[in-house]
Each structure stands twice: as structure tokens, then as C-alpha cells.
Amino acid sequence: ADKRNQPGGKHIWYGKYGGFAQISKTFFNDALKLTGSLRYDKNEQFSGKVNPRIAAVYSIKDKHNFRISWQNGFRFPSLFEAYSFVNNGQVRRVGGLAFIEQGLGYFKNSYLTKSVDAFGVAVNKTINAEHVSKDVAAAKNADVLKVANLDPIVPEEITAFEAGYKAVLLENRLFIDLDAYYSSYKHFIGQIETVVPKSGNVNSPDEAVLLQMLDKAQQDRYRVWTNSKSTVSNYGLALAVTYDIYKNYTVSGNANYNKLTQDKTKDDALVPGFNTPNWFTNVSIGNRNVYKNLGFNVVWHWQNTFYWQNLFGNADVPSYSTVDAQVTYRVPKINTSFKLGASNLLNTSYYQYVGGPTIKGLYYLSVTYDNIFKKK
């Protein structure tokens with residue numbers, strides 16, 4: 001029996017440390033600022049990593065600011081990604097370190113779960129169409145099964161570029177912030193589901209191995225933290241605008257676009273778990289002092305439908321929009337503010353992730369007393 005399934009077990013020592021250094025220099029009467037930094041991190045299970053970063057900011061009369069940066073970074077696998085060994089019903093969630101996998105076979109002696117499910121469907125079709133035995137149908141469809149051929153997990157590496165523009169215009173009434181980024185991941189950390197036969201070798205499968213792939217009682221199923229075999233890219237844009245329109249009335253808005261691209265030819269079974277909508281936006285209007293210390297703010301939020309992937313389940317999270325509102329009344333004589341507001345004022349039903357709770361309206365009244373320690 002696998003002793004890791006028994007109570008007790010050995011303690012695992014986990015430690016990490018790091019250091020950081022940065023240098024900056026200005027040029028052209030402080031209009032150009034260059035910054036370089038270097039970071040070193042060491043994890044108990046992996047060799048040390050050095051992360052450099054270079055950034056430049058150029059300002060024109062404190063009105064227009066241009067920025068650009070490049071950096072290389074690493075992300076060590078989290079504790080769960082590295083060390084997990086959790087029984088989740090019929091599928092065990094397991095970390096990607098070599099000693100966690102030892103004796104279990106989900107690295108080199110497993111099939112991709114997607115291919116095992118497809119194999120079962122193909123075998124049944126062959127049996128029904130050709131009226132042959134299960135072992136004959138299994139042999140005919142053996143090429144449907146795909147060997148996982150995974151490796152122990154290693155740190156995720158990222159190379160990122162960012163460029164932006166920030167401006168204050170129209171006599172400081174208009175504020176603009178535009179940002180664009182591109183990130184390229186090597187060894188992107190995700191999850192792959194695999195199936196290990198109770199006996200036999202998937203790299204030279206015999207009849208017994210094939211038949212085990214048709215019987216869940218003869219399989220061990222795993223959800224493995226591992227690395228992408230190809231480059232995964234992430235890019236996006238963000239725009240924020242704030243405008244003081246009239247007598248303390250302010251309109252603000254922001255829009256964000258994010259996209260993950262993945263080479264499916266090499267990583268068809270990898271679950272990246274990006275879990276981010278392509279688009280989400282916010283628009284607000286408010287005035288801190290509409291009339292005699294009375295202020296308000298209203299915010300509209302929207303995000304589009306996106307596909308959610310996690311350990312609980314995979315499915316679309318529908319798009320939704322909400323309206324938040326707040327009215328504030330300040331009483332300066334007693335240093336007190338009264339706030340009446342609502343999050344999701346229209347009581348719209350939505351959820352933010354698969355398996356998460358349904359969210360509706362939240363309504364509140366708050367009283368804030370400032371300067372409680374103010375000297376008289």
C-alpha cells in the first residue's frame with residue numbers, strides 16, 4: 001500500500017529567501033528617468049533565479065508621461081502546485097514534484113484523460129457497428145489513446161513588455177491613462193488530467209492495459225500540476241479616463257481587454273486556468289458636494305462571458321452588469337459622515353466563478369466619525 005495514504009508521514013521542510021537591488025538615474029533636467037533592478041530568489045526545491053527589469057519614463061512639462069519597461073521573471077510553483085496530494089473523489093489532485101509522483105506513474109505511465117474518454121466512446125461504437133468483442137474493439141481503437149508523458153514541475157518563466165501613456169490636459173480637468181502589455185510564458189504552470197492503469201505499461205500496452213482503460217475500477221485518475229510544453233502568451237490593453245465636467249461633477253470610465261493564447265497542438269490537454277474575462281468596464285459619475293455637504297457617486301460595471309477552469313469544474317461564467325450607488329452627507333461640526341449606499345442597486349443575480357455563490361444586492365448605512373483623537 002502507498003504509505004502516503006496513511007496517517008502520519010514525514011515532515012516536509014519548505015523554505016525560500018531572496019534579495020532585491022535597484023538603481024535609478026535621471027537625464028535632461030529630470031525629464032527622463034531610467035531604472036534598473038535585479039532580484040534573486042531561491043526556493044527549497046529549485047535552483048536560484050535572477051530576475052532583471054529595465055524601465056524608462058519620459059515626461060513633457062509634467063503634462064505628458066510616456067513609460068516603457070521590460071522584465072524577466074520567474075514564478076516558483078505554489079505549495080499546492082508542488083506538494084498537493086488530495087483525494088477529490090474519483091480524481092486525486094497531485095503536485096508536480098518528482099518525489100510526490102514516485103511509485104504512482106502519472107508522469108510516464110499514464111494516458112491523457114481526454115483520450116481515455118474518447119477511447120471508451122470509440123470502442124462502444126465499434127462494438128455496436130461491427131458486433132465484435134470488447135477486446136477486439138479495444139485493439140482496433142488503441143491509437144485513440146494518447147500517452148501523457150509529463151515531466152516534474154519547474155518554475156514558470158515570463159518575459160514581459162509594457163508601454164503606457166499618462167496625461168493631464170485641459171487645465172487639469174482631463175486625466176488619461178493608457179496601458180498596453182505583452183507577456184510570454186515559458187513552462188506555464190497548468191493542470192493535466194491523466195489515467196494510470198492498475199497494472200501494465202501504457203508505452204507498450206497489451207490487451208490487459210487496453211481493457212483497464214474501459215473500467216474505472218481498474219484505473220487511478222489524477223489531476224496533475226505540470227508545465228506547458230509550448231509558449232503561452234498573454235496580452236492586453238487598458239484605458240482609464242477621468243473628466244471634471246462642471247462644478248465638481250466628475251465622469252470616469254475604464255475599459256480593460258485581456259487575452260491568453262495557447263499552442264493547442266502541443267498542449268491540447270493543459271488547463272491554463274486563466275479565468276479572466278476578455279472585456280470588463282466601469283463607468284461612474286459623481287459629485288462630492290452637490291449641495292451643502294451632500295455628495296453622491298454612481299458606478300456601472302460590465303464584463304463579458306468567459307470560460308472558467310478550476311479544480312471544481314469548467315464552464316462559462318455568463319456576462320453581467322451591475323450598478324453601485326452611494327449618497328454621502330457630511331456634518332463638519334461633529335466631524336461625522338453618513339453614507340447610504342448599495343452594491344448592485346438593481347438586485348441583479350450573477351455569479352463570478354463556477355461553483356461560486358449567486359450574488360445579489362447589498363444595501364448599507366454607515367456612520368463615520370473622524371478626528372476622534374483631535375486635540376481641542
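User: How much area does the protein chain expose, and what share of it do carbon and sulfur atoms supply?
Analyst: This is a predicted model, where local features need pLDDT of at least 70, side-chain atom pairs count only at pLDDT 80 or more, and totals for chains, interfaces and linings use all residues. Residues are numbered from 1 along each chain as its sequence is written, and side-chain values use heavy atoms, with hydrogens and water left out. Accessible areas come from the Shrake-Rupley method with a 1.4 Å probe, and for residues only the protein chains shown count as cover. The exposed area is about 22500 Å², and the carbon and sulfur share is 57%.

User: Why is the protein chain described as more spread out than a compact globule?
Analyst: The chain has 5 helices and 20 strands (DSSP runs, H or I of at least four residues for helices and E of at least two for strands, numbered from the N terminus). The globule rule (2.2 Å times the number of residues to the power 0.38, with the radius of gyration taken over C-alpha atoms) gives 21 Å for 376 residues. The chain is more spread out than that because its radius of gyration is well over the rule's value, at 28 Å.

User: Is Phe-306 buried or exposed?
Analyst: Phe-306 sits in strand S16, residues 306–309. Leaving aside residues up to four places away in sequence, Phe-306 touches Asn-275, Thr-276, Pro-277, Ala-315, Asp-316, Val-317 and Gln-352 (contact means heavy atoms within 4.5 Å). The cut-offs are under 20% relative accessible area for buried, over 50% for exposed and partly exposed in between, with a 1.4 Å probe and protein chains only. Phe-306 has 7% relative accessibility, so the label is buried.

User: What kind of aromatic pair do Tyr-14 and Tyr-83 form?
Analyst: Rings of Phe, Tyr and Trp (its six-membered ring) pair if their centres lie within 6.5 Å, and planes under 30 degrees apart are stacked, over 60 edge-to-face and the rest tilted. A search of the whole structure turns up 13 aromatic pairs. For Tyr-14 and Tyr-83, the centres are 5.9 Å apart with 90 degrees between the planes, making the pair edge-to-face.

User: Which residue joins Tyr-14 and Tyr-83 in one aromatic cluster?
Analyst: The pair links distant parts of the chain, with Tyr-14 in the segment before strand S1 (16–27) and Tyr-83 in helix H1 (residues 79–83), 69 residues apart. Tyr-14 counts as partly exposed at 26% relative accessibility, while Tyr-83 is buried at 13%. The cluster's other member is Phe-99.
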